[in-house]
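Biologist: I would like to learn how to read a model like this one, feature by feature. Could you walk me through it?

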Amino acid sequence: MNKFIRFFIFIGLFLSVVLGVLVYNGYFVSFAVGSSMAPTIPADTPTVLVHSEVESVEQVDEGDIVLYEDPEFNANITHRITSIEYAERSVTIDGDNTSQSIKQELSFKQFNKSVRGKVKYIFII
């Protein structure tokens, strides 16, 4: 068998084991598609994101990357928390590539309802 093929089989098995251990320990996995988080998550490059579960704004900080459900687009979106305003009880979320993303301001209630997880690990394939 060609060394190139063996290398990709090894990488595939290694990633399967690593991701399996992470999922077993309470994390979940998603795939990133799009350009709104470039260069952190490269556009048009297969990328695996590993998340920890988040249920409320108290579990995140400014600068965290989160996965949230956007009902307007009927999709899960991965963006960065750019600000948390405790006095106004709001969270602002935007992609790193601001020319390709839509900044959103969510109330704490909206955020708590739509947030799915906080990105812990990024694997660019």
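The dialogue below goes from the whole chain to pockets, single residues and aromatic rings.

Modeller: Happy to! Keep in mind throughout that this is a predicted model. Let us begin with the chain as a whole.

Biologist: Which elements does the protein chain have, and how do they run from the N terminus on?

Modeller: The protein chain has 2 helices and 7 strands. Read from the N terminus, the order is α-β-β-β-β-β-β-α-β. Along the principal axes, the C-alpha atoms fill a box of roughly 60 × 35 × 25 Å.

Biologist: And how much of the protein chain is buried?

Modeller: Of its 125 residues, 38% are buried. The accessible surface comes to about 7900 Å², and carbon and sulfur atoms account for 57% of that. You can also ask how far apart in sequence the contacting residues are: among contacts between residues at least 6 apart, 53% join residues at least 24 apart.

Biologist: Now the pockets. What volume does the largest pocket have, and which residues lie nearest its centre?

Modeller: Its volume is about 330 Å³. There are 21 lining residues, with Val33, Ser36, Asn76, Ile77 and Thr78 nearest the centre. Next, look at which elements contribute: strand S1 (28–32), strand S3 (65–70) and S4 each supply at least two lining residues. S4 gives the largest share, 5 residues. Then look at the chemistry, where the lining of the largest pocket divides into 11 nonpolar, 9 polar and 1 charged residues.

Biologist: How does the lining of the second largest pocket divide by class?

Modeller: That lining has 3 nonpolar, 3 polar and 4 charged residues. The second largest pocket has a volume of about 200 Å³. Among its lining residues are Tyr68, Glu69, Leu106, Lys113, Ser114 and Arg116. S3, strand S6 (104–107) and H2 each supply at least two of them.

Biologist: Ser114 caught my eye. Is serine 114 buried or exposed?

Modeller: Serine 114 counts as buried because its relative accessible area is 10%, and the cut-off for buried is under 20%. Serine 114 sits in helix H2 (residues 108–114). Leaving out residues up to four places away in sequence, serine 114 touches Leu67, Tyr68, Glu69 and Leu106. Of these, Tyr68, Glu69 and Leu106 also line the second largest pocket, as does Ser114 itself.

Biologist: Which residues does serine 83 touch?

Modeller: With residues up to four places away in sequence again left out, serine 83 touches Glu62, Ser90, Val91 and Thr92. Serine 83 lies in strand S4 (residues 75–85). Its relative accessible area is 14%, so serine 83 is buried.

Biologist: Last, the aromatic rings. How should I read a pair?

Modeller: A pair of aromatic rings is described by the distance of the centres and the angle of the planes. A search of the whole structure finds 5 aromatic pairs. In one of them, tyrosine 86 and phenylalanine 108 are edge-to-face, 5.8 Å centre to centre with 80° between the planes. This pair links distant parts of the chain, 22 residues apart: tyrosine 86 is in the loop between S4 and strand S5 (90–94), and phenylalanine 108 is in helix H2.

Biologist: Which relative accessible area does tyrosine 86 have, and which does phenylalanine 108 have?

Modeller: Tyrosine 86 has 53% and is exposed, whereas phenylalanine 108 has 4% and counts as buried. Elsewhere, Phe4, Phe7 and Phe8 form one aromatic cluster.

Technical notes
Residues numbered from 1 in each chain as written. Predicted model: local features only at pLDDT ≥ 70, side-chain atom pairs only at ≥ 80, totals over all residues. Heavy atoms only, no water. Helix = DSSP H or I, 4+ residues; strand = E, 2+ residues; numbered from the N terminus. Buried < 20%, exposed > 50% of the residue type's maximum accessible area, 1.4 Å probe, protein only. Contact = heavy atoms within 4.5 Å. 1 Å grid on protein atoms, 1.4 Å probe; cavity = no way out; pocket = protein on both sides within 12 Å on 5 of 7 lines; lining within 4 Å. Points joined across faces, edges and corners; volume = space filled by probe spheres on them. Nonpolar A, V, L, I, M, F, W, Y, C, P; charged D, E, K, R; others polar. Phe/Tyr/Trp six-rings, centres within 6.5 Å; stacked < 30°, edge-to-face > 60°. Areas by Shrake-Rupley, 256 points an atom, 1.4 Å probe, with all protein chains shown as cover.
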